[in-house]
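Biologist: Please take a close look at the salt bridges in this predicted model. Which residues are linked in a network, and how buried or exposed are the partners?

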Amino acid sequence: MREQLIAFVEGLKTDQRIASFDEAMTKQSVILRALSLLGWDIFNTDEVRPEYSVGGGNVDYSLRVREDNKVFIEVKNAGERLEQHQEQLLGYSFREGVKLAVLTNGLSWW
């Protein structure tokens, strides 16, 4: 797994197409692949729940262990600045008691 993950990250660094990806392409090409390489079952919605509803909004992914939300992931377009979205994601996390939140555009990871 480690070697595959390293190769994936190295490939991301050199793939010029990523800079033009919209949010859906970033989710499919970068996020889901990374989660799969990290051992998450991306086809099991009890483990990787897309569009998780939180207080009137949705977080792109909730990573869950035994029905508990452990990580929220919010994904934006590859060229989008992340600063303007961090408050929303942190609000979702605080509201649900999730201690780890990831904000990414596929190129930058916070």
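Modeller: Eight salt bridges are present in the predicted structure. Four residues, Glu 23, Lys 27, Glu 51 and Asp 60, are joined in a network of such contacts.

Within this network, Lys 27 forms a salt bridge with Glu 51, with an N to O distance of 3.2 Å. The two residues come from distant parts of the chain, 24 residues apart: Lys 27 belongs to helix H2 (residues 23–37), and Glu 51 to strand S1 (residues 48–54). Lys 27 has a relative accessible area of 14% and is therefore buried, the cut-off for that class being under 20%. Glu 51, by contrast, has a relative accessibility of 42%, so this residue counts as partly exposed.

Lys 27 also pairs with Asp 60, and here the N to O distance is 3.0 Å. Because Lys 27 lies in helix H2 and Asp 60 in strand S2 (residues 57–65), this salt bridge ties together parts of the chain that are 33 residues apart in sequence. Both Lys 27 and Asp 60 are buried.

A further salt bridge joins the side chains of Arg 81 and Glu 83, at 3.4 Å from N to O. Arg 81 is exposed, since its relative accessible area is 58% and the class begins over 50%. Glu 83, with a relative accessible area of 38%, is partly exposed.

Definitions and conventions
Residues numbered from 1 in each chain as written. Predicted model: local features only at pLDDT ≥ 70, side-chain atom pairs only at ≥ 80, totals over all residues. Heavy atoms only, no water. Helix = DSSP H or I, 4+ residues; strand = E, 2+ residues; numbered from the N terminus. Buried < 20%, exposed > 50% of the residue type's maximum accessible area, 1.4 Å probe, protein only.
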